[in-house]
Amino acid sequence: MTSTSPRVTIKDVAARAGVSKGAVSLAFNHKPGLSEATRDRIFAAARELGWAPSLTARSLAGARVDVVGLAICRPARMLGLEPFYMEFVSGVESVIVEHSCSLLLRLVKSPEEEAGLLESWWRGRQIGGSILVDFRADDPRVAVAERLGMPVVAVGDPALTGALTAVWTDDAAAMREAVRYLAALGHRRIARVGGAAELGHTATRAAAFDAAARELGLAGARQVATDYSGEAGARATRSMLTSAERPTAIVYDNDIMAVAGLSVAQEMGVRVPADVSLLAWDDSQLCRLTHPTLSAMSHDVHGFGAEVARTLFGVILGEGAGSHPVATPVLTPRGSTAPPRP
């Protein structure tokens, strides 16, 4: 017969923290009557034991469990144009509706603003948990979420997300595949138009691009950081295509910049893929509507959002898979990549 570990209960958390069960309940339902030091000790004990209050228990205690929070640090205009977040949010929504929950979406200007918003949401019992995206080095949201004992899922590499439950894609492996593919076609001068330099996944891709270029001896490889907008992608492409050492292939960190880059190339009379190959990231419908169609590093963004939401409900219910990667983006060659001209 297979034995199973006994289920951790509120009594175990109370014993570990040296408090009563009532004190644990006060801490997790954000009621007055405890010092911050005691509250932090209770949350630390719960994390060590892997315990979280059940959805039913929190509902009976008056905690808000029917709303999931998501804050995004992007200008509203850019967010409306970016297919990634539209697909990601639709994936999240597809799961939370099954739990009769709603999504509370806010746009913020900085991680610090979001950290304050998380605390306000949680202490005001406005949400049952939150999805955190776009991590940076030393991200202030990690400490806030850990201190509050707030159920969250961090969308990012575990190196950036502390002890928080994380779900991520292997951007480094995908970038290495992109560079190796272009090099295998014969390209030696490969450029990358990256996203915001302060974002963790941008830094991961940049490091992987440099490492792959060194490994393959691509002396002409170079990168530039942008803000992910089409305008910035167009400017970067124009600068590269007018340089003395014009690249024969360009990798873009999202599809909007790749589409803008294709437009610039056509405007300048630079043929794609005869004169320059273009490779996009994320592979939304945009990549299949251009002429030529854009080769891309493809992944199921809708499915990614759904998996993040499922993981969050696992955290709220005190069960589930914990931190885990999802499928690595894979190369989808189309009409915008080809061997360089001799």
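In the predicted model, residues 24 or more positions apart in sequence account for 72% of the contacts in the protein with a separation of 6 or more. The secondary structure comprises 14 helices and 12 strands. Along the principal axes, the C-alpha trace spans about 75 × 45 × 35 Å. Of the 342 residues in the protein, 52% are buried. The accessible surface comes to about 14,700 Å², and carbon and sulfur atoms hold 55% of this area. The protein carries 35 positive and 36 negative charges, and the mean positions of the two sets lie 2 Å apart.

The domain assignment divides the protein into domain 1 (10-53), domain 2 (67-169 + 302-325) and domain 3 (171-298). Domain 2 is thus listed with two sequence segments, 67-169 and 302-325. The centres of domain 1 and domain 2, taken over C-alpha atoms, are separated by 23 Å.

In soluble globular proteins, nonpolar side chains tend to be buried together. The largest nonpolar core in this model contains 27 residues, and the most contacts inside this core are made by Phe88, Ile96, Ile131, Val133 and Val308. Two or more residues each are supplied by β1 (67-72), α6 (83-96), β4 (152-155) and α14 (301-317). The greatest contribution is that of α14, with 9 residues. The surroundings of Phe88 were examined with neighbours within four places in sequence set aside; on that basis Phe88 is in contact with Ile131, Val133, Val155, Val301, Phe304, Gly305 and Val308. Another core, of 23 residues, lies apart from the largest one, and its members include Tyr228, Val276, Leu278 and Leu294.

Val152 was considered individually. This residue is located in strand β4, one of the elements that give two or more residues to the largest core. Val152 counts as buried because its relative accessibility is 4%, below the 20% limit used for burial. When residues up to four places away in sequence are not counted, Val152 touches Ser130, Leu132, Ala145, Leu164, Thr165, Leu312 and Val315. Two of these partners, Leu312 and Val315, fall within the range of α14 (301-317). Ala212 stands 60 residues from Val152 in sequence, and the C-alpha to C-alpha distance between Val152 and Ala212 is 34 Å.

How values were computed. Residues are numbered from 1 along each chain as its sequence is written. This is a predicted model: local features need pLDDT of at least 70, side-chain atom pairs count only at pLDDT 80 or more; totals for chains, interfaces and linings use all residues. Side-chain values use heavy atoms; hydrogens and water are left out. A nonpolar core is a set of buried Ala, Val, Leu, Ile, Met, Phe, Trp, Tyr and Cys residues joined through side-chain atoms within 4.5 Å. Buried means under 20% relative accessible area, exposed over 50%, partly exposed in between (1.4 Å probe, protein chains only). Helices (H or I, at least four residues) and strands (E, at least two) are DSSP runs, numbered from the N terminus. Contact means heavy atoms within 4.5 Å. Accessible areas come from the Shrake-Rupley method with a 1.4 Å probe; for residues, only the protein chains shown count as cover. Lys and Arg count as positive and Asp and Glu as negative; His and the chain ends are not counted. The place of a charge is taken as NZ of Lys, CZ of Arg, CG of Asp or CD of Glu. Domain bounds come from an automatic or database domain assignment.
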